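Hello! Here are a few notes to go with the structure you have open. I hope they help as you look around.

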Amino acid sequence: MAILKIMHAGNPVLRKVAEPVKKIDKRITRLLTNMAETMYAADGVGLAAPQIGESKRMVVIDVGDGVLLEMINPVITKREGSVVDMEGCLSVPDYNGTVERSATVECEFTNRQGELVKLTATELLARAIQHEIDHLDGILFIDKAQTIEPREMKDE
Ligand code: CO
């Protein structure tokens, strides 16, 4: 188990199109575990492998319902509707922005057991899936944001 260093905007790894995972070996499952631990430690709802410097198509998401999604080679197969809402990113820690996303997405991915999983998502989960898959294509939310504002410092 390890908490990994999160790359920030400006790091070229965030702009690369990530490579598909061809074989799920111990290195890949260990990476998924460490990505989840890193996401939880940073209080994020999602993390994509390029954010920790690995240009591979892997994502972890937990929107706060205690369900950890580990997605290998995720693809969106259907989109419906649209909704504009605020989002942020662990790689862009100083800003939030409003981004238009599809309201509902259907996606497919491989889990760590190598099984194909199909998932229909709405609300925050749909937003997180779209945000994280964008990372795999070298896209950051600041590229799409309609408005960007400095993130307010919260008093402890
Ligand atoms: Co992000």
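The points below go from the overall fold to the metal site, the cores and two backbone details.

1. **Overall fold.** Please keep in mind that this is a predicted model. The protein has three helices and eight strands, and along the sequence they run in the order α-β-β-β-β-β-β-β-α-α-β. Its radius of gyration is 15 Å, close to the 15 Å given by the globule rule for 156 residues, so the protein is as compact as a globular protein of that length. The C-alpha trace spans about 40 × 35 × 30 Å along its principal axes.

2. **Surface and contacts.** Of the 156 residues, 43% count as buried. The protein exposes about 8,500 Å², and 50% of that area comes from carbon and sulfur atoms. If we take contacts between residues at least 6 apart in sequence, 66% of them join residues at least 24 apart.

3. **The cobalt site.** Which protein atoms are the donors of the cobalt ion? They are SG of Cys-89, NE2 of His-131 and NE2 of His-135, lying 2.0 to 2.2 Å from the ion. The spacing of these donor residues in sequence is C-x41-H-x3-H. His-131 and His-135 are about one helical turn apart, because they sit four residues from each other in helix H2 (residues 123-136). Both of these histidines, His-131 and His-135, are buried.

4. **The largest nonpolar core.** In soluble globular proteins, nonpolar side chains tend to be buried together. Here the largest nonpolar core has 16 residues, and those with the most contacts inside it include Val-59, Met-71, Leu-125 and Ile-129. Strands E2 (58-61), E3 (69-80) and E6 (104-110), together with H2, each supply at least two of its residues. The largest share, six residues, comes from H2.

5. **Around Val-59, and another core.** Leaving aside residues up to four places away in sequence, Val-59 touches ten-odd neighbours worth inspecting, among them Leu-32, Met-35, Leu-69, Met-71 and Leu-136. Apart from the largest core lies another, of 13 residues, including Ile-6, Val-21, Met-58 and Ile-72.

6. **Two positive phi values.** Asp-43, a residue other than glycine, has a phi near 65°. Asp-43 is in the loop between helix H1 (26-41) and strand E1 (46-48), and counts as exposed because its relative accessibility is 71%. Glu-123 is not a glycine either, yet has a positive phi of about 50°. Glu-123 belongs to helix H2 and, at 68% relative accessibility, counts as exposed.

Conventions
Residues are numbered from 1 along each chain as its sequence is written. This is a predicted model: local features need pLDDT of at least 70, side-chain atom pairs count only at pLDDT 80 or more; totals for chains, interfaces and linings use all residues. Side-chain values use heavy atoms; hydrogens and water are left out. Donors are N, O and S atoms within 2.8 Å of the metal (3.2 Å for Na, K and Ca); water is not among the atoms, so sites may look incomplete. Buried means under 20% relative accessible area, exposed over 50%, partly exposed in between (1.4 Å probe, protein chains only). A nonpolar core is a set of buried Ala, Val, Leu, Ile, Met, Phe, Trp, Tyr and Cys residues joined through side-chain atoms within 4.5 Å. Contact means heavy atoms within 4.5 Å. The radius of gyration is taken over C-alpha atoms; the globule rule is 2.2 Å times the number of residues to the power 0.38. Accessible areas come from the Shrake-Rupley method with a 1.4 Å probe; for residues, only the protein chains shown count as cover.
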